[in-house]
Amino acid sequence: MKRVESGQKIAPKKKRDLKKWAPYLFISPWIIGFLAFTLGPLVFSLFMSLHDWPVTREPVFVGFQNYINMFTKDPQFYKSIILTFKFALIFVPLNMIIALILAMLLTQHVKGVKIFRTIFYLPSVISGVAISIIWGWIFNTKYGILNYLLKLIGVEGPKWLVDPKWAIIAVVVASAWGVGSMMLIFYTNIKSIPQDYYEAAVIDGASPLKQFFSITIPIITPTILFNLITSTITALQQLTLVILLTKGGPLKSTYFYGLYVFENAFKHQRLGYASANAWIMFLVILALTAIIFKSSDAWVFYEAEVKSQSKKKKKKGKK
């Protein structure tokens, strides 16, 4: 009888242990994937950055020499990183403005809005290779459709992918083609705003423009923060379009940092040096993200804060 009683006591304990570990079992595929494909390669790349690691020879430990050479003996490092920041300064605001405008248009109650939503989103699911091929045709100087349309209105189109002045603009325009995901995030957030706010604003005599800047923008600032960070990271890591559209040219006018790292690794076969390049960009992105988060205290408002501010304004109005 004692054995049966003891067995009955142990069974619930095993059941509790199983319930305790069940969540970890469910997320174990993600944990394994993160360790194998994210954290593992990240740590290994740091290890590689401390070595002279050619593809055909044995690696040699050099300490921080790769980092020292990068900052003191490689002028292309500074040129590429400055060019990448220049691209980001154009790409990020342009993409966010286009995405926000499209999201606002999709919130209008017009016939066929669902079709337009699909049309605007579709380009974002197309691969970077396909987008590069399409825009390569569009920007072609001889038979490109863009220069053909400009010629119809009497404008001589530039040599988009051949002229150093226009090549970076061409890459920005091609990159903006995938704005659909950001647009959808804005659209979802805008649709979730209670209509009571707008109805109250209409009663107070606020114009649609005033409603946009006084209601819509403050409420979606958390989404703006998210899109700002993700688009900044995307801009600083741009690689696919540059390789396929311009190959870094002409005259290295689109030789972005991602291409610089790629060529150091696979063209010049300096894996250790390329790993050091990648870690510098990782630290730059980390620093920029921290700065954006820190600045968000001044311009990001959450719904509770917006409500409290509107209540204060109403109290002041009554007084």
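This report describes the fold, one helix, two buried serines and the aromatic contacts of a predicted model.

**Overall fold**

The protein chain holds 14 helices and two strands. Of its 319 residues, 36% count as buried. Among contacts in the protein chain with a separation of 6 or more, 68% are between residues 24 or more positions apart.

An unreviewed UniProt entry lists residues 21-47, 81-106, 118-138, 166-187 and 271-293 under "transmembrane region". Two of these stretches can be set against the model. Residues 81-106 are 100% helix and 0% strand, with 37 Å between the end C-alpha atoms. Residues 271-293 are likewise 100% helix and 0% strand, and here the end C-alpha atoms lie 33 Å apart.

**Helix 7**

Helix 7 covers residues 164-175, 12 residues in total. From the first C-alpha to the last, helix 7 spans 17 Å, close to the 16 Å expected at 1.5 Å a residue. At the start of helix 7, Asp163 places a side-chain oxygen within 3.1 Å of the backbone nitrogen of Lys165.

Which residues of helix 7 are buried? They are Ala167, Ile168, Ala170, Val171, Val172, Ala174 and Ser175. An α-helix has 3.6 residues a turn, so residues three or four places apart point the same way. The cover over the buried residues of helix 7 includes helix 3 (75-106), helix 5 (128-139) and helix 11 (240-245).

**Two buried serines**

Ser132 is located in helix 5, and Ser231 in helix 10 (residues 208-236). Ser132 counts as buried because its relative accessible area is 3%, under the 20% cut-off. Ser231 is also buried, with a relative accessible area of 3%.

Each serine side chain has a polar contact with a backbone oxygen, as the table shows.

| Side chain | Backbone oxygen | Distance |
|---|---|---|
| Ser132 | Gly128 | 2.8 Å |
| Ser231 | Asn227 | 2.7 Å |

Leaving out residues up to four places away in sequence, Ser132 touches Thr240, Leu241, Leu244 and Leu245. The C-alpha atom of Ser132 is separated by 9.0 Å from that of Ile243, a residue 111 positions away along the chain. For Ser231, the contacts beyond four places in sequence are Phe91, Val92, Met96 and Met182.

**Aromatic rings and charges**

How many aromatic pairs does the model contain? The count comes to 20. In one of them, Phe87 and Phe256 have ring centres 4.8 Å apart and planes at 35 degrees, so the pair is tilted. This pair links distant parts of the chain, with Phe87 in helix 3 and Phe256 in the loop between helix 11 and helix 12 (257-266), 169 residues apart. Both Phe87 and Phe256 are buried.

Ring pairs also join Phe71, Phe77, Tyr78, Tyr257 and Tyr260 into a cluster.

Two basic side chains have their charged ends over tyrosine rings. Lys252 sits over Tyr255, with its charged end 4.7 Å from the ring centre. Arg270 sits over Tyr273, and here the charged end is 4.1 Å from the ring centre. Tyr273 falls within residues 271-293, one of the stretches that the UniProt entry lists as a transmembrane region.

How values were computed:
Residues numbered from 1 in each chain as written. Predicted model: local features only at pLDDT ≥ 70, side-chain atom pairs only at ≥ 80, totals over all residues. Heavy atoms only, no water. Helix = DSSP H or I, 4+ residues; strand = E, 2+ residues; numbered from the N terminus. Expected span 1.5 Å × (residues − 1). Buried < 20%, exposed > 50% of the residue type's maximum accessible area, 1.4 Å probe, protein only. Contact = heavy atoms within 4.5 Å. Polar contact = N/O pair within 3.5 Å; in protein donor to acceptor, adjacent residues only side chain to side chain. UniProt positions renumbered as here; feature names shortened; annotations may be inferred. Phe/Tyr/Trp six-rings, centres within 6.5 Å; stacked < 30°, edge-to-face > 60°. Lys NZ or Arg CZ within 6 Å of the ring centre and 35° of its normal.
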